[in-house]
Amino acid sequence: MYKVFVNDIPIILSTKKHIGDQYTSIPIKKAKIKRIIKQVIKGDLFYVNLYHKKEEKLLKHLKKKLKTIVAGGGMVFNEKGEILFIYRNNRWDLPKGKAEKNENIQETSIREVEEETGVENIEITKFLQTTYHILKRNGKFKLKETFWFEMKTDYAGELIPQEQEGITKVEWRNFEKSQKALKKSYENIKLLFPKEYLIQHPKNRVL
């Protein structure tokens with residue numbers, strides 16, 4: 001199963017025809033994906049299940065219908081165990097960006113973190129997962145496929161937001177502050193975090 005987000009609303013890609021009574025289920029081969037996206041954006045459709053009996057065919061069919069932008073990003077930890085966040089478009093996010101020609105996705109991810117935050121000496125520790133969301137560029141809907149890596153660094157220098165990319169703040173955030181940031185983040189970003197980051201305890205105030 002995959003979740004493909006449209007404005008924080010997930011379109012489900014699954015191998016099951018029925019996943020719940022509230023879902024509109026459509027064979028992915030027959031789905032008019034651009035019409036579905038527009039309905040979701042307008043608020044006319046909230047629960048969509050695009051299905052195919054073979055899981056490996058789900059993304060293949062979606063990518064036939066939408067051009068794919070490949071990106072890489074990082075959940076970066078410093079030596080204090082704090083996580084690196086960026087603030088853009090009134091949301092807390094993790095640094096990420098589009099792959100360039102002739103670089104692998106690990107190189108993309110490290111480069112984008114460095115460019116967007118000013119952090120150096122980054123090392124990938126493990127692959128986390130891939131997230132999917134739909135965006136609009138030059139009047140056309142596209143699928144953004146982002147490969148996420150856990151990273152570490154001993155960098156303790158200045159954080160420099162990449163203003164030309166619309167980033168206004170870069171911050172290291174501890175567990176409690178990360179919880180607060182996730183209340184004002186994106187649903188696909190929340191997928192990267194362990195569930196304890198998403199549970200708000202009574203003593204924690206929300207930003």
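Select Glu 79 first: this residue sits in the loop between strand E5 (67-77) and strand E6 (83-88). The model is a predicted one. Glu 79 is exposed, with a relative accessible area of 71%. Show its surroundings within contact range: apart from neighbours within four places in sequence, Glu 79 is in contact with Thr 153 and Asp 154. Draw a distance from Glu 79 to Asp 154; the two are 75 residues apart along the chain, and their C-alpha atoms are separated by 5.8 Å.

**Strand E10 and Glu 150**

Thr 153 belongs to strand E10 (140-153). Move along E10 to Glu 150, which lies in that strand. Which residues does Glu 150 contact, leaving aside its neighbours within four places in sequence? They are Met 75, Phe 77, Glu 123, Ile 124, Thr 125, Lys 126 and Leu 128. To set a scale for the view, measure from Glu 150 to Lys 42: the C-alpha atoms are 35 Å apart, with the two positions 108 residues apart in sequence numbering.

**The loop after E6**

Go back to E6 and step past its end. Asn 89 lies in the loop between E6 and strand E7 (91-93). Its phi is near 55°, a positive value in a residue other than glycine. Asn 89 is exposed, at a relative accessible area of 60%. Asn 90 is placed in the loop between E6 and E7 as well. Here phi is near 65°, again positive in a residue that is not glycine. Asn 90 counts as exposed, with 57% relative accessibility.

**Helix H1**

Now select helix H1 (33-42). Which of its residues are buried? Ile 33, Ile 36, Ile 37 and Val 40 are. These residues cover an arc of only 100° around the axis, which puts them on the same side of H1. The spacing follows a general rule: an α-helix has 3.6 residues a turn, so residues three or four places apart point the same way. Turn the helix over: the face away from the buried side carries the exposed residues Arg 35 and Lys 42. Lys 42 is the residue used above for the distance to Glu 150. Just after H1 comes Gly 43, with a positive phi near 85°.

**Helix H2**

Next, select helix H2 (55-65). Its buried residues include Leu 58, Leu 59, His 61 and Leu 62. Viewed down the axis of H2, the buried residues fall within an arc of 160°, so they line one face of the helix. Glu 56 and Lys 64 are exposed on the other side of H2. What covers the buried residues of H2? The cover includes E1, E2, H1, E4, E9 and E10.

**The nonpolar cores**

Show the side chains of the largest nonpolar core, which has 22 residues. Leu 13, Ile 36, Leu 50, Leu 62, Leu 66 and Ile 134 touch the most other members. Strands E1 (2-6), E2 (9-14), E4 (48-51), E9 (122-137) and E10 (140-153), with helices H1 (33-42) and H2 (55-65), each give two or more residues to this core. H1 provides the largest share, four residues.

Centre the view on Leu 66. Leaving aside neighbours within four places in sequence, Leu 66 is in contact with Ile 33, Lys 34, Ile 37, Ile 134, Phe 141 and Leu 143. A second, separate core has 14 residues, among them Val 76, Met 151, Leu 159 and Ile 167. Colour the two sets apart to follow them.

**The annotated region**

Select residues 67-196, which UniProt lists in an unreviewed entry as "domain: Nudix hydrolase". Over this range the chain is 19% helix and 46% strand. The end C-alpha atoms of the range are 35 Å apart.

**The whole chain**

Finally, zoom out. The chain has five helices and 11 strands. Its C-alpha atoms fill a box of roughly 50 × 50 × 30 Å along the principal axes. For 207 residues, a compact globule would have a radius of gyration near 17 Å, and the 18 Å of the chain agrees with this. Of the 207 residues, 45% count as buried. Among contacts with a separation of 6 or more, 67% join residues 24 or more positions apart. With a surface shown, the accessible area comes to about 11900 Å², and carbon and sulfur atoms hold 46% of this area.

Terms used
Residues numbered from 1 in each chain as written. Predicted model: local features only at pLDDT ≥ 70, side-chain atom pairs only at ≥ 80, totals over all residues. Heavy atoms only, no water. UniProt positions renumbered as here; feature names shortened; annotations may be inferred. Core = buried A, V, L, I, M, F, W, Y, C linked by side-chain atoms within 4.5 Å. Buried < 20%, exposed > 50% of the residue type's maximum accessible area, 1.4 Å probe, protein only. Contact = heavy atoms within 4.5 Å. Arc of directions from axis to C-beta. Rg over C-alpha atoms; globule rule 2.2 N^0.38 Å. Areas by Shrake-Rupley, 256 points an atom, 1.4 Å probe, with all protein chains shown as cover.
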